[in-house]
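Let's take a friendly walk through a protein model, one region at a time. Keep the structure open beside you as you read.

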Amino acid sequence: MIPGMIQRTMSTIKDLIEQDVKFSKGVGPYFEEILAKKRIHTLFDLVTFFPRDYEDRTKMVTITEAITTPDKNAVVLVEIAGIESLTVNFRTVPKLIVTDGDHVAQAPLFSGRMPKGFEVGVQVVITGKFKRGFKGVQCSISEIELSGGTPASYGRIVALYELTAGLSQKKMRALIHQQMTVIQRALKYDIPSPYKLKGTMCYADALAEMHEPAAFSSLEKAKRTIIFEEFFTFQTMYLAANRPPVLKKAPRYSSIVRMDALKRTLPYTLTGAQERVLGELTADLMSDRQMFRLLQGDVGSGKTIVALLAAMVVVENGYQAALLAPTEVLARQHAATARKLLGDNAVIALLTGTSDDREGTTRDIAEKKCDIIIGTHALLSETVSFASLGLAIIDEQQRFGVDQRNVLLSKGSNVDYLLMTATPIPRSLTMTLFGELDLSVIDEMPPGRIPVKTKSMGLADRSHCYQFLKSRIAKGEQGFVVFPVISESADDEILTLVDEYHTVCADYLFNIPAGMVHGRMPAPERDGTMARFASGELKVLFATSLIEVGIDIPNATTIIIEGAERFGLSQLHQLRGRVGRNGRDGFCYLVNHGELADIASARMKIMCETNDGFKIAETDLEIRGPGEFLGVKQSGLPEFKAGNIIRDADIMRDARAAALRFLADTPAGIADFNARRDYLAAHLQSAEPNV
Ligand code: ADP
Ligand code: MG
């Protein structure tokens with residue numbers, strides 16, 4: 001196709017997005033290659049290649065004024081009074097002698113080239129730094145152009161781009177300027193006004209303003225517009241893909257009498273945060289909207305009982321609830337808790353891969369002989385069908401894929417959906433990473449929870465921790481020892497669980513009953529060892545981070561984390577959460593096996609300073625930066641061009657709310673939106689849902 005034709009037929013965003021930048025005026029094969037280095041391939045890439053900075057070049061000054069700010073660019077009108085040359089690094093470059101009448105300055109052209117029309121007697125405008133030196137005033141030029149034409153480098157707030165070899169600011173500005181009118185015409189779409197952020201402008205104007213701002217105030221407005229557009233687009237696509245389109249159901253639960261009565265029989269009173277969250281859950285359950293909620297709460301904050309009480313609402317109204325757990329151990333533990341706390345109020349079934357009577361249990365579920373069904377992946381099996389599934393609860397949701405979660409949802413109609421996680425995520429990020437879910441947070445610990453005392457040390461002080469562990473065992477308590485890897489690491493330096501289990505037992509824990517669990521051992525053996533530890537027969541449990549999820553053994557008070565520098569912060573925090581439960585003192589030793597890098601030592605420091613999971617997550621985010629923290633590729637987040645999900649968290653919040661309204665209110669809007677989506681798909685290439 002010939003360029004002119006494309007320009008004439010270009011009427012939709014999609015065309016614009018897809019039009020190869022090489023068909024633009026001023027871009028030949030040479031610049032095509034250079035632009036590609038900046039990942040600019042299409043016209044849209046070009047106009048959304050936003051400046052890295054701006055410089056106010058509206059005011060022109062004299063050399064006298066310019067030398068008062070020798071480190072800042074100034075714009076000065078001068079006449080070329082002479083042309084000499086200068087040798088730098090064996091290269092000869094032209095040197096302009098310029099004057100404004102009061103001062104004479106020397107201005108070398110380090111590019112080595114003499115621009116067209118530059119000769120003695122002509123007037124030029126220099127943007128540069130003017131400094132008094134001992135050979136007179138020296139000028140280092142940022143940009144220079146002949147005076148008299150349409151100014152390209154001065155007379156306004158000027159955009160500065162991130163460049164690459166062969167590309168100048170001037171060229172970049174010219175390329176973008178050329179496309180602006182075309183784009184203004186092509187970009188007829190905008191976010192429908194009811195959903196736009198207050199105080200923003202139309203999208204096409206904002207694009208123009210980003211590159212050629214009229215004033216800093218309007219530039220701010222343009223930035224907000226662009227960021228909001230990016231976030232709104234992301235949220236709309238993400239929500240459309242991840243949130244059930246129909247969140248309506250007939251209200252089917254009307255009574256919470258039994259649940260309330262049961263709540264009063266618990267061995268403890270719920271914390272304020274538990275009560276508040278339970279309120280949020282019951283409100284969802286009793287409304288005509290399907291629940292679609294994430295429950296976040298630090299390790300030990302008491303999510304289980306809240307989930308069980310929500311399940312009771314469903315049960316009391318004649319439906320079934322399912323609770324999915326990632327491990328067999330956890331499923332058993334939940335079933336035991338449920339049977340103990342709910343008593344006769346509900347029939348609990350446990351279904352795991354190793355259940356004795358899988359067939360019988362499966363039949364009971366289908367025939368509604370049980371109310372709350374707790375299990376592992378076995379629940380997802382095709383053979384399992386529920387008589388009347390009303391609520392699906394997924395514990396430690398990060399352990400499951402979206403597909404697995406959906407399988408459970410598909411086992412009922414308009415099933416209310418509750419995901420739980422103890423992985424603390426900074427609040428500023430939740431609405432981005434889990435935008436499709438409503439959020440409840442238990443941000444308060446049950447009373448009497450004493451912060452776990454934490455110490456970080458080197459391998460040399462290791463015997464001290466085991467001495468300490470022995471003293472706790474003498475008091476009738478138990479402990480965990482955790483290693484980062486099971487065995488046979490490629491890295492010879494690293495101490496492994498299997499090797500060290502025997503050494504440590506022989507050296508430090510002589511005659512103390514200990515056991516070992518890890519992910520590569522047969523499940524029955526692992527469960528057997530876990531059970532012996534839970535019963536108190538074994539005093540020490542050696543493990544990998546397998547025990548990180550949810551295990552609740554109140555009598556275990558000490559945890560020794562070997563090779564602590566190899567664990568991430570949130571993992572360390574989760575592991576530490578295994579001790580210091582039920583009002584007991586807890587102790588955590590972080591044994592570092594190697595020299596600590598800066599990041600690792602920052603991690604140890606924050607672990608020793610606080611027990612607050614959210615604070616730890618915030619610090620982790622600070623230490624590692626959002627990219628590392630989120631693992632952007634893995635999190636499925638696009639790389640936003642203008643927005644920053646942390647800095648612009650408030651805009652993200654507004655964008656999410658607007659996108660939810662947009663999707664809910666206007667079916668027609670969605671149809672319109674489909675046209676946009678082609679564009680969006682290109683725009684946000686990595687936005688596939690993956691949370
Ligand atoms: P998590 O949120 O990590 O899943 P759990 O639900 O396992 O935490 O609860 C941790 C422990 O706290 C359990 O032993 C539980 O019995 C206890 N617990 C929960 N809520 C309260 C409360 N309000 N008061 C006292 N103890 C509580
Ligand atoms: Mg839990």
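How many bridges join strand β5 to β6? Ten bridges join strand β5 (residues 123-133) to β6, and the two run antiparallel. Before we go on, please keep in mind that this is a predicted model.

## A hairpin and its neighbour

Strands β5 and β6 form a hairpin, with two residues between them. To find a spot where they pair, look for K129, which stands opposite S140 in β6.

Strand β6 (residues 136-146) also pairs with strand β4 (residues 104-108). Here two bridges do the joining, and the strands run parallel. You can spot this pairing at Q106, which stands opposite Q138 in β6.

## A covered strand between partners

Next, find strand β12 (residues 389-394). It is mostly covered: six of its six residues are buried. Strand β9 (residues 320-324) pairs with β12 in the parallel sense, over five bridges. Strand β13 (residues 416-421) runs parallel to β12 too, joined to it by four bridges.

One residue of β12 shows both pairings. A392 is the bridge partner of A322, and A392 also has Y417 in β13 as a bridge partner.

## An open sheet of six strands

Further along the chain there is an open sheet of six strands, with parallel pairing. Reading across it, the order is β15-β20-β19-β16-β18-β17. The edge strands are β15 (453-458) and β17 (514-517), each of which pairs on one side only. From one strand to the next, the twist averages 15 degrees.

Inside this sheet, strand β16 (residues 478-482) and strand β19 (residues 556-562) pair in the parallel sense over five bridges. Within that pair, V481 stands opposite I560 in β19.

## Helices across the sheet

Two helices are worth finding next. Helix α18 lies across β16, β17, β18 (540-543) and β19, and runs at about 140 degrees to β17. Helix α20 (residues 598-609) lies across β15 and β20 (587-592), running at about 150 degrees to β15.

Is T529, a residue of helix α18, buried or exposed? T529 has a relative accessible area of 10%, so it counts as buried, since the cut-off for buried is under 20%. T529 sits in α18 (residues 523-534). Leaving aside residues up to four places away in sequence, T529 touches G515, M516, V517, L538 and L541.

## Two helices that pack together

Helix α9 (residues 257-264) and helix α11 (residues 303-316) pack at an angle of about 145 degrees, and their axes are 8 Å apart. Their crossing is right-handed. On the α9 side, the contact is made by V257, R258, M259, L262 and K263. On the α11 side, L309, M312, V313 and E316 take part.

## Rings and charges

The model has a count of 15 aromatic pairs. One of them is formed by F234 and Y238, a tilted pair at 5.5 Å centre to centre with 35 degrees between the planes. Why are these two separated by about one helical turn? They are four residues apart in helix α8 (residues 216-242), so about one helical turn lies between them. F234 is buried, at 1% relative accessibility, and Y238 is buried as well, with a relative accessible area of 4%.

Rings can also join into groups: ring pairs link Y195, F228, F232 and F662 into a cluster. Charged residues meet rings too. K171 lies over the face of F31, at 4.1 Å from the ring centre, while R252 lies over the face of Y319, at 5.1 Å from the ring centre.

## Two residues with positive phi

Most residues other than glycine have a negative phi. With that in mind, look at N89, which has a positive phi near 45 degrees. N89 is in the loop between β2 (74-88) and β3 (91-99), and it is exposed, with a relative accessible area of 72%.

The other residue to visit is K368, with a positive phi of about 60 degrees although it is not a glycine. Its place is in the loop between α13 (358-366) and β11 (372-375). At 33% relative accessibility, K368 counts as partly exposed.

Definitions and conventions. Residues are numbered from 1 along each chain as its sequence is written. Chains are lettered from A and ligands numbered from 1 in the order in which they are written. This is a predicted model: local features need pLDDT of at least 70, side-chain atom pairs count only at pLDDT 80 or more; totals for chains, interfaces and linings use all residues. Side-chain values use heavy atoms; hydrogens and water are left out. Buried means under 20% relative accessible area, exposed over 50%, partly exposed in between (1.4 Å probe, protein chains only). Contact means heavy atoms within 4.5 Å. Two strands pair if DSSP finds at least two bridges between them. Axes are lines fitted to C-alpha atoms, for helices over the stretch in contact, and angles run from 0 to 180 degrees between N-to-C directions. Rings of Phe, Tyr and Trp (its six-membered ring) pair if their centres lie within 6.5 Å; planes under 30 degrees apart count as stacked, over 60 as edge-to-face and the rest as tilted. A charge sits over a ring if NZ of Lys or CZ of Arg is within 6 Å of the ring centre and within 35 degrees of the ring normal. A crossing is left-handed if the near helix is turned anticlockwise from the far one by less than a right angle, and right-handed if clockwise.
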